[in-house]
Amino acid sequence: MMSKKLIILGAGWLGNALARDAKSAGWQVEATRRAADSTAQISAFCVTDSKLHHTLTLDDAYWVCAIPPRMRQTDSNYLETLKQALETAKNMACRGFLLCSSTAVYGTEDGEFTELAALAERDTKRQQILQGAEEMVQNAGGKIVRLAGLVGPDREPGRFISGKHLSSSSFARVNMLHQQDAVNGLLCILDNWSDAAPIYNLCHPSHPTKQDYYHKHCTQHGSVPPTFGSDTKSERIISGSAVCQLGFEYQYEI
């Protein structure tokens with residue numbers, strides 16, 4: 001049996017959890033940050049002035065890009081980093097490349113969004129980056145996972161939303177995903193790579209209103225609930241059911 005190898009670009013909040021569980025499941029893992037850290041078993045992968053520096057060694061591995069496409073000016077080289085990653089993966093005989101994208105790629109309109117839904121217009125920098133990244137990976141033969149809003153360890157909604165004023169409606173539906181379901185979903189796709197579709201949404205099937213959801217978490221956390229910009233009904237629902245055809249099940253409350 002061929003050994004399972006995995007390269008994870010971006011050993012951050014999600015990437016670290018994925019690396020931990022992949023190792024426990026018997027994968028040989030190399031995870032990266034911008035600078036190597038031998039004590040933490042972290043390799044380097046960094047693009048500066050279009051020049052790539054990396055210390056990766058795993059040939060014939062699956063790759064997961066878990067680098068968040070932030071919109072800060074300092075992260076403006078995200079697409080260049082992804083381009084270099086795809087080229088490096090090809091040179092290292094990559095078995096499959098999986099991009100962690102975002103369900104924000106669908107925009108803000110009401111409706112139910114499956115993987116076949118139309119994407120938002122590219123009239124913002126965020127959409128240009130998200131859709132540009134997805135196209136780049138698809139053109140290289142890779143697959144896409146669109147992640148809903150992530151919660152979990154150190155990301156407690158009752159803390160990070162406390163006292164804020166949200167421009168959205170109190171009756172808008174939440175589209176959230178627990179970190180552990182994200183990790184399990186990614187591993188399920190990797191384990192079933194040849195049968196997996198080109199694109200999957202990962203989003204918990206429960207969609208309470210934002211008012212109910214954040215009030216519950218703020219009550220549990222002992223914090224002040226947020227206020228909202230309106231009380232109009234809003235039904236933007238991300239469907240994350242397609243991945244269940246691979247045998248995946250959502251197990252963690254949002």
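At 11% relative accessibility, Cys188 falls under the 20% cut-off, so this cysteine counts as buried. The model is a predicted one, and its cysteines make a handy way in. Cys188 is not part of any disulfide; the nearest cysteine sulfur belongs to Cys244 and sits 8.7 Å away. Since a disulfide calls for two cysteine sulfur atoms within 2.5 Å, that pair does not qualify. Cys94 tells a similar story when it comes to bonding: a search of the whole structure turns up 0 disulfides, and for Cys94 the nearest cysteine sulfur, that of Cys65, is 12 Å away. As for cover, Cys94 has 23% relative accessibility and therefore counts as partly exposed.

Stepping back to the whole chain, the protein holds 6 helices and 14 strands. What radius of gyration does the protein have, and how does that sit with a compact globule? The value is 19 Å, and a compact globule of 254 residues would come out near 18 Å, so the two agree. Along the principal axes, the C-alpha trace stretches over about 55 × 40 × 35 Å. Buried residues account for 50% of the 254 residues. Contacts reach a long way along the sequence, too: of those with a separation of 6 or more, 76% are between residues 24 or more positions apart.

The outside can be summed up with a few numbers. The accessible surface comes to about 12,600 Å², and carbon and sulfur atoms own 48% of that surface. As for charge, there are 25 positive and 27 negative side chains. The centres of these two sets lie 5 Å apart.

Next come some individual residues, starting with two that are buried. Ala61 belongs to the loop that links strand 4 (51-54) to strand 5 (62-65). Is this loop residue buried or exposed? Ala61 has a relative accessible area of 0%, so it is buried. Its contacts, leaving aside neighbours within four places in sequence, are with Lys5, Leu6, Ile7, Ala93, Cys94, Arg95 and Gly96. Cys94, the partly exposed cysteine described above, is thus one of the residues that Ala61 touches. By contrast, Leu177 is 116 residues from Ala61 along the chain, and their C-alpha atoms are separated by 27 Å.

Met176 is part of strand 11, which covers residues 176-178. With a relative accessible area of 9%, Met176 is also buried. Leu150 is 26 residues away from Met176 in sequence, yet the C-alpha atoms of the pair are 5.9 Å apart in space. Which residues does Met176 contact once neighbours within four places in sequence are set aside? The list runs to Ala148, Gly149, Val151, Cys203, His204, Tyr213 and Ile254.

Two loop residues stand out for their backbone angles. Gln41 is not a glycine, but its phi is positive, at about 55 degrees. Gln41 is found in the loop between strand 2 (28-33) and strand 3 (42-48), and its relative accessible area of 58% makes it exposed. Ser50, likewise not a glycine, has a positive phi of about 65 degrees. The home of Ser50 is the loop between strand 3 and strand 4.

Finally, two partly exposed residues round out the tour. Gly111 is in strand 7, residues 111-113, and is partly exposed, with a relative accessible area of 27%. Where does Gly111 sit relative to Ser234, 123 residues apart from it along the chain? Their C-alpha atoms are separated by 8.8 Å. Not counting residues up to four places away in sequence, Gly111 touches Glu235, Arg236 and Ile237.

Gln211 lies in helix 6, which covers residues 210-221. Its relative accessible area is 34%, so Gln211 counts as partly exposed. Beyond residues up to four places away in sequence, Gln211 touches Ser170 and Phe228. Ala19, on the other hand, is 192 residues from Gln211 in sequence, and the C-alpha atoms of the two are 34 Å apart in space.

Notes
Residues are numbered from 1 along each chain as its sequence is written. This is a predicted model: local features need pLDDT of at least 70, side-chain atom pairs count only at pLDDT 80 or more; totals for chains, interfaces and linings use all residues. Side-chain values use heavy atoms; hydrogens and water are left out. Helices (H or I, at least four residues) and strands (E, at least two) are DSSP runs, numbered from the N terminus. The radius of gyration is taken over C-alpha atoms; the globule rule is 2.2 Å times the number of residues to the power 0.38. Buried means under 20% relative accessible area, exposed over 50%, partly exposed in between (1.4 Å probe, protein chains only). Contact means heavy atoms within 4.5 Å. Accessible areas come from the Shrake-Rupley method with a 1.4 Å probe; for residues, only the protein chains shown count as cover. Lys and Arg count as positive and Asp and Glu as negative; His and the chain ends are not counted. The place of a charge is taken as NZ of Lys, CZ of Arg, CG of Asp or CD of Glu.
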